[in-house]
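This briefing covers one protein model with a bound ligand. It goes through backbone geometry, buried residues, the ligand site and empty space.

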Amino acid sequence: MKASDLFVKALEAEGVKYVFGIPGEENLDLLESLRTSSIKLILTRHEQGAGFMAATYGRLTGRAGVCLATLGPGATNFVTAAAYAQLGAMPMLMITGQKPVKLSKQGHFQIVDVVAMMQPLTKYTKQLVSADNIPARVREAFRRAQEERPGAAHLELPEDIADEQTDAILIKESYHRRPVADEKAIVHARNAILAAKRPILMVGAGANRKVSSKMLREFVDKTGIPFFTTQMGKGVIDEMHPLWLGNATLSDGDFLHRAIEHADCIINVGHDVIEKPPFFMRKGLRTVVHINYVSAEVDTVYFPQIEVTGDVANTIWRLKESIAPQPDWDFSYFDNVRKHLHAHLAIGENDDRFPILPVRLVKEMRDLVPSDGIVCLDNGMYKIWFGRYYRCREPNTMLLDNALATMGAGLPSAMAAKLVFPDRKVVAVSGDGGFMMNSQELETAVRFKQNITQIVLRDNAYGMIKWKQANMHFANFGMDMGNPDFVKYAESYGAHGWRPNSVAEFRDMLKNCIASPGVHLMDVAIDYSDNDRVLNKEIRELSSKL
Ligand SMILES: Cc1ncc(C[n+]2csc(CCOP(=O)(O)OP(=O)(O)O)c2C)c(N)n1
Ligand SMILES: [Mg+2]
């Protein structure tokens, strides 16, 4: 068999449905093999967009999303997406081409050492030097990308290897189960929780990966232990649950942090130090029990005393079975924190001013996006507001990146989410800065007849950095920019463009965008004047009184 055909058969055997990317001449054998396969090519307008899509596909399915690029410039365009997948624990496989390894007549034209370049950004990076190795290399790349903690893998398929003949046969995925935690570790954790007076549960990114949602919910319902979510743990347990204590969007100074300070035991499920810290650990103040698939990476802000490593759902189930509510657990302080948090979250929900204020924006979106609808955030100021105020009802219904925190992933991640869940509503939210970093993928979305909505929050600035600049008492400098007419811009791609001039119009237009087919772009002027007042001052002042 021809090597490129075998490579594609190996992808099919891994269950690959889509390959995202832009081929170059070095990929043409592989492309021809793809053409006649069951795999669909999602041709994009930039390799970065393709990489973000592949990573998000992996994030939502647990199976590595695959992206394809040429050597040199195509491969270097994958770099940010590789980091996005690697830091965000999203299984992804990048395939890049290369000039012939045996005999090339092109000198060093376009040659970059891509395998070495990918080294710090991946779990596995290899050049194929013989067609006979394809089955083993492909299987290993998928195994490594998908195994906990998931991440990026890379294979380089040079032109001459792709054209070789081989009689190698595919290696099937083995039967395997995730290891479960050791019983002694479970007993240790259980004893710490039972001995505590004020335990609290934290739900982090790792809990959003596999099906641990049901067990966690049962754990909370049975024990009555209050919980909070991290940004990437949003929705694992319904954030409307009566025991929810908030989202750790800020690292300190929020109402939630008063509860954390008051707790004497934190059950930390799925936390990963790659996330911006949900709270800062201080020495000796409280017991932290780390429950995850992998052990805790120790950091100055995170050094748990007890670790339970193994399948998370299994660990939670075993803890749930053996922990009954204790008479001397006292959650009264937490109840008080929750009461004040809820009162605070509601402030501004009905503010009619336009340009729209972030709290109102979040409120309208929560009302209009169905429980299983997926909101995909790019990176900017609004991420803080959405993290704190938007309450996710189901796992992975807010895709945000609190790991690499790159701009430009909003639209591509929404497109991937729509491919994975064609029947669910998908809305991307980006700033005017982040949107323009991959706005060209509007064409891809239109070409594939996707039904998605892209909200662009327009403040004519890199607002988040502007806010931080002001926080540091620097003069306003270097953060303001202009914009295209986003409505006309959308229309020029064959998408629908909308520009509301009031909150009421925003609501009507969003409702219509979500309900009607096609690619919709809403150009929404945003008022960030509350950033300083609410996020820097009000929350701190009010929470410090608790
Ligand atoms: C690729 C990339 N470049 C730069 C940054 C640093 N950064 C974080 S947020 C931000 C501003 C985002 O601006 P915009 O998308 O308009 O959102 P806004 O904050 O204005 O709502 C910048 C420059 C980043 N996170 N990622
Ligand atoms: Mg902006």
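Where is asparagine 396 found? Asparagine 396 sits in the loop that runs between α15 (382–389) and β14 (398–399). The model is a predicted one. The points below begin with the backbone at this residue and then turn to other topics.

**Backbone geometry**

- Although asparagine 396 is not a glycine, its phi is positive, at about 50 degrees.
- Asparagine 396 has a relative accessible area of 13%, and is therefore classed as buried, the limit being under 20%.
- Lysine 449 is another non-glycine residue with a positive phi, here near 55 degrees. Its place is the loop between α18 (441–447) and β16 (452–458).
- Lysine 449 counts as exposed because its relative accessible area is 70%, and the class begins over 50%.
- A cis peptide bond leads from glutamate 148 to arginine 149, with omega near -20 degrees. Arginine 149 belongs to the loop between α7 and β6 (152–158).
- A cis peptide bond also joins phenylalanine 354 to proline 355, where omega is near 0 degrees. Proline 355 lies in the loop between α13 (332–345) and α14 (358–368).

**Buried residues in strands**

- Threonine 96 is part of strand β4 (residues 92–98). Its relative accessibility is 0%, so threonine 96 counts as buried.
- The C-alpha atoms of threonine 96 and glutamate 26 are 8.5 Å apart in space, while the two residues are 70 apart in sequence.
- Histidine 520 belongs to strand β18 (residues 519–525). With a relative accessibility of 2%, histidine 520 is buried as well.
- The side chains of histidine 520 and tryptophan 498 form a polar contact at 3.1 Å.

**Ligand 1**

- The shell around ligand 1 holds 18 residues, and the closest are Asp432, Gly434, Gly463, Met464 and Tyr528.
- By class, this shell consists of 9 nonpolar, 7 polar and 2 charged residues.
- Helices α17 (432–437) and α19 (463–471) each contribute at least two residues to the shell.
- The side chain of aspartate 432 has an N or O atom 2.7 Å from an oxygen atom of ligand 1.
- Two backbone contacts can be added: a polar backbone atom of methionine 381 is 2.8 Å from an oxygen atom of ligand 1, and a backbone N or O atom of alanine 405 is 2.9 Å from a nitrogen atom of ligand 1.
- Ligand 1 taken alone exposes 580 Å², of which the protein buries 76%.

**Largest pocket**

- The largest pocket contains about 660 Å³ of space.
- Its lining is made up of 21 residues, with Glu147, Glu148, His176, Arg177 and Arg178 nearest the centre.
- In the lining of the largest pocket, 10 residues are charged, 7 polar and 4 nonpolar.
- Helix α7 (residues 134–146) gives the most to this lining, with 3 residues.
- Glu148, one of the residues nearest the centre of the pocket, is also where the cis peptide bond to arginine 149 starts.

**Cavities**

- The model has 4 cavities of 30 Å³ or more.
- The largest cavity has a volume of about 160 Å³. It is lined by 15 residues, and those closest to its centre are Arg59, Gly88, Ala89, Asn208 and Arg209.
- The lining of the largest cavity comprises 6 nonpolar, 6 polar and 3 charged residues.

Conventions:
Residues numbered from 1 in each chain as written. Chains lettered and ligands numbered in written order. Predicted model: local features only at pLDDT ≥ 70, side-chain atom pairs only at ≥ 80, totals over all residues. Heavy atoms only, no water. 1 Å grid on protein atoms, 1.4 Å probe; cavity = no way out; pocket = protein on both sides within 12 Å on 5 of 7 lines; lining within 4 Å. Points joined across faces, edges and corners; volume = space filled by probe spheres on them. Nonpolar A, V, L, I, M, F, W, Y, C, P; charged D, E, K, R; others polar. Helix = DSSP H or I, 4+ residues; strand = E, 2+ residues; numbered from the N terminus. Near = heavy atom within 4 Å. Polar contact = N/O pair within 3.5 Å; in protein donor to acceptor, adjacent residues only side chain to side chain. Areas by Shrake-Rupley, 256 points an atom, 1.4 Å probe, with all protein chains shown as cover. Buried < 20%, exposed > 50% of the residue type's maximum accessible area, 1.4 Å probe, protein only.
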